[in-house]
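Dear colleague,

I am passing on a structure that will be new to you, together with some notes on it. Please look through it first and then read on.

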Amino acid sequence: MRNSLHKYFQSTFPPVIEYIKTTYKQWLLIERNLSKCERFGLGQKVDLLFIDLLDIVQKASFSSIDSKISLLSQSLSKIDSLRFFIQFCWELKLIPTKQFALIGKGIENIGKMVGGWRKDLITKTSAETEEKK
């Protein structure tokens, strides 16, 4: 029963959501090793950015095309903030270089996926607008 439910819910979301969830799980493993002060400071900021990103991309997956483009633009802004704060954690030596590289690559791939999705939608809507003229 659990596996069939998991397959149902997994198949209803775009692959980028699964990738964000996987990258967030990697972050949670890193965050556990932060001291209490950093975990409730920068760690919590990164947590909230991941949660907001998941929320926005999930909403985009069920929205109209115009709303999708706007939501995906918001997502790209969250991704930029994630990059900044993860790099800041690394600069403060809160996370090791190996973990920084791993999580950084995940965030970079998320950015490419969301950016590609947004670009594809913009191309489709501009093509439809041209056809109507």
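Below is what was found in it, from the whole chain down to one helix.

This is a predicted model, in which local features need pLDDT of at least 70 and side-chain atom pairs count only at pLDDT 80 or more, while totals for chains, interfaces and linings use all residues. Residues are numbered from 1 along each chain as its sequence is written, and side-chain values use heavy atoms, with hydrogens and water left out.

The chain averages a pLDDT of 90, with 88% of the residues scoring at least 70, where pLDDT is the predictor's confidence in each residue, from 0 to 100. Confidence is lowest in helix α1 (residues 2-11), with a mean of 59, and highest in α4, at 96.

The chain holds five helices and zero strands, taken as DSSP runs (H or I, at least four residues, for helices; E, at least two, for strands) and numbered from the N terminus. Of its 133 residues, 34% are buried, that is, under 20% relative accessible area with a 1.4 Å probe, protein chains only. Among contacts (heavy atoms within 4.5 Å) between residues at least 6 apart in sequence, 73% join residues at least 24 apart.

Helix α4 (residues 65-91) has 27 residues and spans 39 Å from its first C-alpha to its last, close to the 39 Å expected at 1.5 Å a residue, a figure obtained as 1.5 Å times one less than the number of residues. The buried residues of α4 include Ile-69, Leu-72, Ser-75, Phe-85 and Cys-89, and just after this helix Lys-93 takes a positive phi of about 60°.

With best regards

Technical notes: Buried < 20%, exposed > 50% of the residue type's maximum accessible area, 1.4 Å probe, protein only.
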